Amino acid sequence: MTATHDLGTSRPTTSDLFRSVFRRHASGVAVITAQGTRPVGFTATSLASVAAEPPLLSFGVGTGSSSWPVLSDAEYVGVHVLGEHQRELAATFARSGADRFGPATGWCSGPQGVPVLDGVLAWLVCRVVARIPAGDHRVLIGEVTTGTAAGTGRPLLYHQGRFNALRD
């Protein structure tokens, strides 16, 4: 078998190379929420299914993020799968210093007091069962306790540093 890769262009790993590779990897877009003295949330593209029995998922969060102080102690979190119609919501929760739970964001207090966002394709409430150190992040493992997949529409994706719609 003949290799089609130009191995002469490979270079030692740097954070720039790492980011460049993952900009080429399309991922779904989720918003993670939790309730502290105030609600917090952030946009995540690291959401992954871990196990079906028991139902476990994972996501990463930077320890320098404004949400980390609440997430570091939260017993429960909300996980929201965004639809392609929610680019602005994803951008709001990704933007540092944004009023994420201001008048433009529809939400209510859901099970276990977790903020639940309006109009999402699906949402889950998870009990945090592990916080695993991973560089300047923590990988949180959550066991799903309740949720719904009753939303309609197509998923929002993140690719090449932009929010995109799924194309057929």
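Which strands does helix H3 lie across, and at about what angle does H3 run to S3?

**View 1. Helix H3 against strands S2 and S3.** In this predicted model, helix H3 lies across strand S2 (30-35) and S3, and its direction makes an angle of about 115° with S3. Helix H3 itself covers residues 87-94, while strand S3 covers residues 39-44.

**View 2. The open sheet of 7 strands.** Reading across this open sheet, the strands follow the order S3-S2-S6-S9-S10-S5-S4, and their pairing is antiparallel. The edge strands are S3 and strand S4 (48-51), each of which pairs on one side only. From one strand to the next, the twist averages 35°. At the S4 edge, S4 and S5 are paired in the antiparallel sense over 3 bridges, and a student who follows this part of the chain can find serine 49 standing opposite leucine 57 in S5.

**View 3. The open sheet of 3 strands.** A further open sheet has 3 strands in the order S1-S11-S12, again with antiparallel pairing. Strand S1 (27-28) and strand S12 (162-165) are its edge strands, and each pairs on one side only. Strand S11, which spans residues 156-159, pairs with S12 in the antiparallel sense over 4 bridges, and histidine 159 has arginine 162 in S12 as its bridge partner. Helix H3 appears in this view as well, since it lies across S11 and S12 and runs at about 160° to S12.

**View 4. The largest pocket and its lining.** The largest pocket has a volume of about 1100 Å³. It is lined by 32 residues, of which Thr43, Thr45, Ser46, His137 and Tyr158 are the closest to its centre. Helix H1 (15-23), strand S3 (39-44), strand S5 (56-62), H3, strand S10 (137-148) and S11 are the elements that each give two or more residues to this lining. Sorted by the character of their residues, the lining divides into 12 nonpolar, 17 polar and 3 charged.

**View 5. A salt bridge between two loops.** The model has a count of 4 salt bridges, and one of them joins the side chains of arginine 154 and glutamate 84, with a distance of 3.9 Å from N to O. Arginine 154 belongs to the loop between S10 and S11, whereas glutamate 84 belongs to the loop between strand S6 (76-81) and H3, so this pair ties together parts of the chain that are 70 residues apart in sequence.

How values were computed. Residues numbered from 1 in each chain as written. Predicted model: local features only at pLDDT ≥ 70, side-chain atom pairs only at ≥ 80, totals over all residues. Heavy atoms only, no water. Pairing = 2+ DSSP bridges. Contact = heavy atoms within 4.5 Å. Axes fitted to C-alpha atoms, helices over the stretch in contact; angles between N-to-C directions. 1 Å grid on protein atoms, 1.4 Å probe; cavity = no way out; pocket = protein on both sides within 12 Å on 5 of 7 lines; lining within 4 Å. Points joined across faces, edges and corners; volume = space filled by probe spheres on them. Nonpolar A, V, L, I, M, F, W, Y, C, P; charged D, E, K, R; others polar.
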